[in-house]
Amino acid sequence: MSSIAGGPARPGDAAEAFLAGAGFERAPWIAVIFAAGIITWFALPHPWQWLAAMAGGAGLALAALALWPPGTAADETRANLRLAAIVCGLVFAFGVATVWARSAIVGAPPIARPAVVLIEGRVLGREDQPGEGRLRLTLAMRDAEAGRALKVRVNVPLDALGKGGPPAGLAEGAVVRLRARLMPPASPMLPGSYDFARAAWFQGLAATGTMVGGLTVVAAAPEGEGLARWQRALAAHVRAAVPGSPGAIAAAFASGDRGGIAEADEAAMRDSGLTHLLSISGLHVSAVIAAAYFAVLRLLALWPALALRLRLPVVAAASGALVGIAYTLLTGAEVPTVRSCVAALLVLGALVLGREALSMRMVAVAAGFVLLLWPESAIGPSFQMSFAAVLAIVALSNSAPVHAFLAHREEPWWMHTGRRTVMLFVTGVVIELALMPIVMFHFHRAGMYGALANVVAIPLVTFVAMPLIALALVFDLAGLGWPFWWVVEQALVLLVGIAHVTAGQAGAVRLMPQISALAVALFAAGACGSACGAEGCGLPDWCRSPRRA
């Protein structure tokens, strides 16, 4: 093999040629390197090791500058390799520093030991969980012994509040007095199981516990209509309109409040591979934004004078963005919802600019945004599963076989619909295969028939339940929403039935007590390589995007 300059091959020529040919497709790997720095911080237990990792990243950048200095002969033959080494080294070090800074800023040391204490604190958050017979309060209090401010989370049994339920004025900003048994956040019960203590550290929680005795509202919450109150009021309205678990699921779609879902139904949704429908994430945010986009686009197109003077897709995209942001705030602005909203806004921006909407660059920008604000999410199942699913969808949709299969052609409507149905099933299978190692690693169990269940469940939620919930809420302003609520109830009864039937099949759940981090890392590396190949970065021609093949 000859070198880039035409002479004999030298070490690094292949890497330089690969980087030169990849072009701007190298950019998404910056997010991967940034995540690698964050994960390294979690893997190393001591501060001196974090410093060593940061020094290693900076040392790689300095070594690249020293080995291939600008303005020399190496500048022509190793420019891409030098740039890659500098960027990767500095981004890796920045990832370590980012999560370290986040830990130092928000981390809260746990209380020393379990204790029963009298708490008088301010309510920071209230989460209703009628499905579990409790409500959950996040309180700001002061430790009388240590003299430091604490943030604690207390479960309040609904039975302890009496038949009248939560007292008036119990909302964000209220001051309450109660006695609770507090404990330090629990460490993993088994190696590899969920580490609540780590999650509580990044949430700033010093203790969790349960109320014993009664609760007194010392000072009621200030008057006003905050988003949290709107969210609770909306969830209560939906549950009143649709009874049982269907109503709780409808409330989850409308407001993000999952507290009313029965434990058996939630377990069936999990074992059938449908639990992602209960969390406000990409599917729900995309459906809301897409509905707003097309509704505004079609309505404005009926006004010829406006259609001739404005770029309607820009106006529709702006409207969809505003609706998506409002929906994200209304449903609690949890990390998965914010992540999905950012990705959807990037898609809208790409549509306005006339660029390809689904690309690895879009995924990388969304991932980088989330990791910059919440670096601890890199090791959580929510972040990993969401982006694994998106990567699988983007890689599949950009592959040449899929483009050929979905290409427009003269055919009957039923064949067109059949192709889309087959593609929906194939997408479900690909997503299940992409998520299974991650699910096994975090939860040690996975549903095996999720692809089949999702073929029916996703259209049922996207095209029936969610639009009808929106229509029902609009018609409720005039007291005419009951027909829509009845159809919503039937649709969600069908959804719960699908979950129970799927979860009840033999072999529906696969158990794996232990899966090594190395196995998941190898899987992630292979998935990233395959996704990169679908974008045109060196895998066989049959899987490359038509843009680069």
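In this predicted model, strands β2 (residues 134-142) and β3 (residues 149-157) run antiparallel and are joined by nine bridges. Arg134 has Pro157 in β3 as its bridge partner. The two strands make a hairpin, with six residues between β2 and β3. In the turn of that hairpin, Gly147 has a positive phi of about 70°.

**The barrel**

The hairpin strands belong to a closed barrel of five strands, in the order β1-β2-β3-β5-β4, and the pairing is mixed. From one strand to the next, the twist averages 50°. As general background, strands of a sheet pair through backbone hydrogen bonds, in either the parallel or the antiparallel sense.

Four of the strand pairs are set out below.

| Strand pair | Sense | Bridges | One residue pair |
|---|---|---|---|
| β2 (residues 134-142) and β3 (residues 149-157) | antiparallel | nine | Arg134 and Pro157 |
| β3 and β5 (residues 207-219) | parallel | four | Asn155 and Thr210 |
| β4 and β5 | antiparallel | eight | Val175 and Ala219 |
| β1 (residues 115-129) and β4 (residues 175-183) | antiparallel | eight | Val116 and Arg181 |

Strand β3 thus has two partners in the table: β3 runs antiparallel to β2, whereas β3 and β5 run parallel. Along the parallel pairing, Arg153 stands opposite Thr208 in β5, and Asn155 is the bridge partner of Thr210 in β5.

On its other side in the strand order, β5 meets β4. This pairing is antiparallel over eight bridges. Val175 stands opposite Ala219 in β5, and Leu182 has Gly209 in β5 as its bridge partner. Strand β4 also pairs with β1, again through eight bridges and with the strands antiparallel. There, Val116 stands opposite Arg181 in β4.

**The second largest pocket**

Which elements give two or more residues to the lining of the second largest pocket? The pocket itself holds about 780 Å³ of space. Those elements are α7 (227-241), α8 (244-255), α10 (282-301), α12 (312-330) and α18 (450-476). Helix α18 supplies the largest share of the lining, with eleven residues.

In total, 28 residues line this pocket. Those that lie nearest its centre are Val288, Met466, Ile469, Ala470 and Leu473. Sorted by class, the lining has 25 nonpolar, two polar and one charged residues.

**Helix α18 and its neighbour**

Besides lining the pocket, α18 packs against helix α19 (residues 482-503) at an angle of about 155°, and their axes are 9 Å apart. Why are α18 and α19 described as roughly antiparallel? The angle is about 155°, and angles over 145 degrees count as roughly antiparallel, so the pair falls in that class. The contact of α18 with α19 has 23 nonpolar, one polar and one charged residues. The crossing of α18 past α19 is left-handed.

Technical notes: Residues are numbered from 1 along each chain as its sequence is written. This is a predicted model: local features need pLDDT of at least 70, side-chain atom pairs count only at pLDDT 80 or more; totals for chains, interfaces and linings use all residues. Side-chain values use heavy atoms; hydrogens and water are left out. Two strands pair if DSSP finds at least two bridges between them. Axes are lines fitted to C-alpha atoms, for helices over the stretch in contact, and angles run from 0 to 180 degrees between N-to-C directions. On a 1 Å grid over the protein atoms alone, a cavity is a set of points where a 1.4 Å probe fits but cannot get out, and a pocket is an open set with protein on both sides within 12 Å along at least five of seven lines; lining residues have an atom within 4 Å of a point. Grid points are joined across faces, edges and corners, and a volume is the space filled by probe spheres set on the points. Ala, Val, Leu, Ile, Met, Phe, Trp, Tyr, Cys and Pro count as nonpolar, Asp, Glu, Lys and Arg as charged, and the others, Gly among them, as polar. A crossing is left-handed if the near helix is turned anticlockwise from the far one by less than a right angle, and right-handed if clockwise.
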